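This briefing is meant for someone meeting the structure for the first time. Please look over the sequence and the model before reading the grouped points that follow.

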Amino acid sequence: MNTKSNRLAIYNFKNSLFHLGTTYIWFFAIVVIVPTLISLIVSSNMSGMTWSNFVSELLAVAIFYTIADCLFFNYNNFKLTIQNGISRRTAWLARVKGILLLSLPIVIVQGIDALVEHGSLLYAGLFGT
């Protein structure tokens, strides 16, 4: 059972990464390319985006995608697992593992961004404010 859920978790993780990449492409087109083109057309100069703002926006997209992936994209995975004779418990366990795999890089990048941007994490950053 453990091997089956691990393979299914990796499959779910790869599927989620593909959809997250597609989400990033749409985000980049809507938030970066279109405003830059409009800015060039209207005022013939480019309005820039700082690196910290860009990383924060990428993290926000990843977090919202992960939430949406947890809430909305379950039925396709459920259909696939039931079709292939995998039990509901194994499918659920694999789904949780896949979501944790997707969340782990987001948490790590957010921690690195917080250390670089503010020099501290969580409550230590709030001291003196």
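The accessible surface of the chain comes to about 9200 Å², and 72% of that area belongs to carbon and sulfur atoms. The model is a predicted one, and 27% of the 129 residues of its chain count as buried.

**Overall build**
- The chain has four helices and zero strands, so that, read from the N terminus on, its elements run α-α-α-α.
- Among the contacts in the chain with a separation of 6 or more, 78% are accounted for by residues 24 or more positions apart.

**Helix H1**
- Helix H1 covers residues 2–43, and because each residue is expected to add 1.5 Å, its 42 residues should span 62 Å, which agrees with the 59 Å between its end C-alpha atoms.
- H1 nevertheless contains a kink of about 30 degrees, which is centred on Ala29.
- The buried residues of H1 are Ser5, Leu8, Ala9, Asn12, Phe13, Ser16, Leu20, Phe27, Val32, Thr36 and Ser39.
- As background to such a list, an α-helix has 3.6 residues a turn, so residues three or four places apart point the same way.

**A nonpolar patch on the surface**
- Phe28, Ile33, Val34, Leu37, Ile38, Leu40, Ile41 and Val42 form a nonpolar patch on the surface, and together they have about 760 Å² of accessible area.
- One of these patch residues, Leu40, lies in helix H1, and it counts as partly exposed because its relative accessibility is 37%, a value that falls between the limits of 20% for buried and 50% for exposed.

**The link between helices H2 and H4**
- Arg95 forms a salt bridge with Asp69, in which the closest N and O atoms are 3.3 Å apart.
- This pair links distant parts of the chain, since Arg95 belongs to helix H4 (residues 88–118) and Asp69 to helix H2, with their positions 26 residues apart in the numbering.
- Arg95 and Asp69 are both buried, and the count of salt bridges comes to one.

**Cys70 and its contacts**
- Cys70 is found in helix H2, which runs over residues 51–72, and at 32% relative accessibility it counts as partly exposed.
- When residues up to four places away in sequence are not counted, Cys70 touches Arg95 and Ile99.
- Cys70 and Arg95 are 25 residues apart in sequence, while their C-alpha atoms are 8.6 Å apart in space.

Note on methods:
Residues numbered from 1 in each chain as written. Predicted model: local features only at pLDDT ≥ 70, side-chain atom pairs only at ≥ 80, totals over all residues. Heavy atoms only, no water. Helix = DSSP H or I, 4+ residues; strand = E, 2+ residues; numbered from the N terminus. Buried < 20%, exposed > 50% of the residue type's maximum accessible area, 1.4 Å probe, protein only. Contact = heavy atoms within 4.5 Å. Salt bridge = Lys/Arg side-chain N within 4 Å of Asp/Glu carboxyl O. Expected span 1.5 Å × (residues − 1). Bend = angle between axes of the 7 residues up to and from the residue. Patch = residues over 30% accessible without salt bridge, like charges linked within 9 Å, V, L, I, M, F, W, Y side chains within 5 Å. Areas by Shrake-Rupley, 256 points an atom, 1.4 Å probe, with all protein chains shown as cover.
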